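Q: I am new to this structure and would like a close look at a single part of it. Could you walk me through the surroundings of the ligand?

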Amino acid sequence: MIRFIKNVVVPNLILVLLIAVGCTNKASEKKADLQSTVASNDQMLAMTPPMGWNSWNPFGENVSERVIKETADAMAGSGLKDVGFSYIVIDDIWQGGRDSITGLLYPDPKRFPSGIKALADYVHSKGLKLGIYSDAGTLTCGDRPGSFGYEEKDARLFAEWGVDYLKYDYCYCVDYVSSNNDYKMAIARYKTMGDALKSTGRPIIFSICEWGPRGPWLWGKEVGGHMWRTSYDVADFWDRPRNESSPIGILTSIDVVSNLDRFAGPGGWNDPDMLVVGLNNTGFIKGGGCNEIEYRTQMSMWCILAAPLMMGCDVRNMNEVTKTILLNKDVIAIDQDALGKQGFRVYRKDGLEAFKKPLSGNRVAIAFLNRNSKDDKITLSYKDLELDTDVNYTVYDVWKHNSANQPKGTLSADMKSHECQVFVLSPVEK
Ligand code: GLA
């Protein structure tokens with residue numbers, strides 16, 4: 001009997017105990033996993049500004065599953081993925097409607113015949129991530145069904161589809177065209193969707209698109225946002241102030257966001273809107289087009305201002321100029337620097353400006369911007385640039401990709417009209 005207990009009962013008891021402990025551990029591991037995923041949705045996502053592509057500028061209402069698949073192929077094949085562009089965002093007008101019985105959103109069956117889940121699988125198979133668009137109102141800006149009243153249902157559906165990013169607009173909210181700017185309503189509506197996304201347990205970037213009037217930089221992070229638009233839509237213009245519902249130019253967007261540096265940082269970024277680089281007055285949003293220098297300036301300034309880099313041209317057909325701009329690793333490294341500081345203006349006189357972005361390793365990026373329609377020269381001392389005058393720096397030009405020879409204690413550049421030149425200054429070890 002004793003032998004039976006020793007040889008059979010005890011080992012089996014131990015086995016049962018081990019299984020039980022294992023199960024409990026697995027269950028608690030699962031729970032811990034879920035908790036850490038939810039926590040990571042908050043804390044670890046967007047530690048640097050998100051990078052990707054958005055369908056609105058080039059395709060607008062003509063976005064389709066074919067376009068998204070071909071864009072995924074192009075991003076994986078052209079080197080864009082390798083330099084960090086990872087999200088492919090389907091903007092507005094993907095929706096076919098909302099089912100009147102189940103209340104579930106469904107995609108336009110003609111343009112998305114295989115459905116969004118299959119599309120997400122395809123995009124994921126290329127090592128990329130999928131984003132989608134909805135709205136905090138009853139309708140989207142393109143008059144498709146919005147998520148108001150359906151936030152949890154929609155968030156769950158997006159998570160089930162495998163969506164990794166949600167751009168959330170503000171059309172058809174009660175005050176969206178009034179001058180009332182009911183920021184409390186905006187906070188409540190964005191929080192409802194932010195909470196719904198979190199409760200799915202899937203890490204999903206939450207991109208707030210309220211355009212700025214209700215100060216989303218003050219509350220965006222609290223409601224679960226990882227980025228928030230700071231101004232109205234940027235069209236393919238160099239300079240254009242807002243006029244009622246018309247879009248703005250690159251320069252106007254820079255002027256708004258450059259005053260908001262203190263609100264950006266790892267986990268939550270000011271978003272001056274998508275890049276128009278490479279549009280050349282084609283695509284859906286138009287605007288007149290910018291020249292090569294102006295497109296390069298948009299890329300440079302977006303990087304200095306630690307902006308999300310969401311490309312907005314047809315990346316299936318990029319010309320050499322566009323490729324050189326979008327694939328410049330040196331300028332992207334400034335945007336993606338681990339210190340996570342947005343640059344700020346240190347100098348502004350007669351249309352010439354200087355911006356400074358502190359970088360990791362005690363380095364600093366300096367951008368010179370010529371707003372004028374004539375060429376000019378800028379020379380500033382380290383003191384003007386608020387740099388430590390006791391430190392010697394090596395100076396690297398991120399567009400020429402070489403070290404720049406500069407007179408001691410100053411930085412100087414010949415500037416073409418609308419040009420932006422960017423330098424990385426690294427302290428020389430003594
Ligand atoms: C708003 C947004 C744009 C785009 C359109 C889609 O205007 O600001 O970026 O998403 O809606 O309708």
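A: Here is a walk around the ligand, followed by a short look at the chain that holds it.

This is a predicted model, where local features need pLDDT of at least 70, side-chain atom pairs count only at pLDDT 80 or more, and totals for chains, interfaces and linings use all residues. Residues are numbered from 1 along each chain as its sequence is written, and side-chain values use heavy atoms, with hydrogens and water left out.

Around the ligand you will find W56, D91, D92, Y133, C141, G142, K167, D169, C209, W211, R229 and D233; a residue is near the ligand if one of its heavy atoms lies within 4 Å of it. This shell divides into 5 nonpolar, 1 polar and 6 charged residues. Here Ala, Val, Leu, Ile, Met, Phe, Trp, Tyr, Cys and Pro count as nonpolar, Asp, Glu, Lys and Arg as charged, and the others, Gly among them, as polar.

Now look at the polar contacts, pairs of N or O atoms within 3.5 Å. The side chain of D233 places an N or O atom 2.6 Å from a ligand oxygen. For D169, a polar side-chain atom lies 2.9 Å from an oxygen atom of the ligand, and for R229 a side-chain N or O atom is 3.3 Å from a ligand oxygen. Taken alone, the ligand exposes 310 Å², and the protein buries 91% of that (accessible areas by the Shrake-Rupley method with a 1.4 Å probe).

Stepping back, the chain has 430 residues, of which 53% count as buried, meaning under 20% relative accessible area (1.4 Å probe, protein chains only).

Conventions:
A polar contact is a pair of N or O atoms within 3.5 Å; within protein, one must be able to donate a hydrogen and the other to accept it, and residues adjacent in sequence count only if both atoms are side-chain atoms. Buried means under 20% relative accessible area, exposed over 50%, partly exposed in between (1.4 Å probe, protein chains only).
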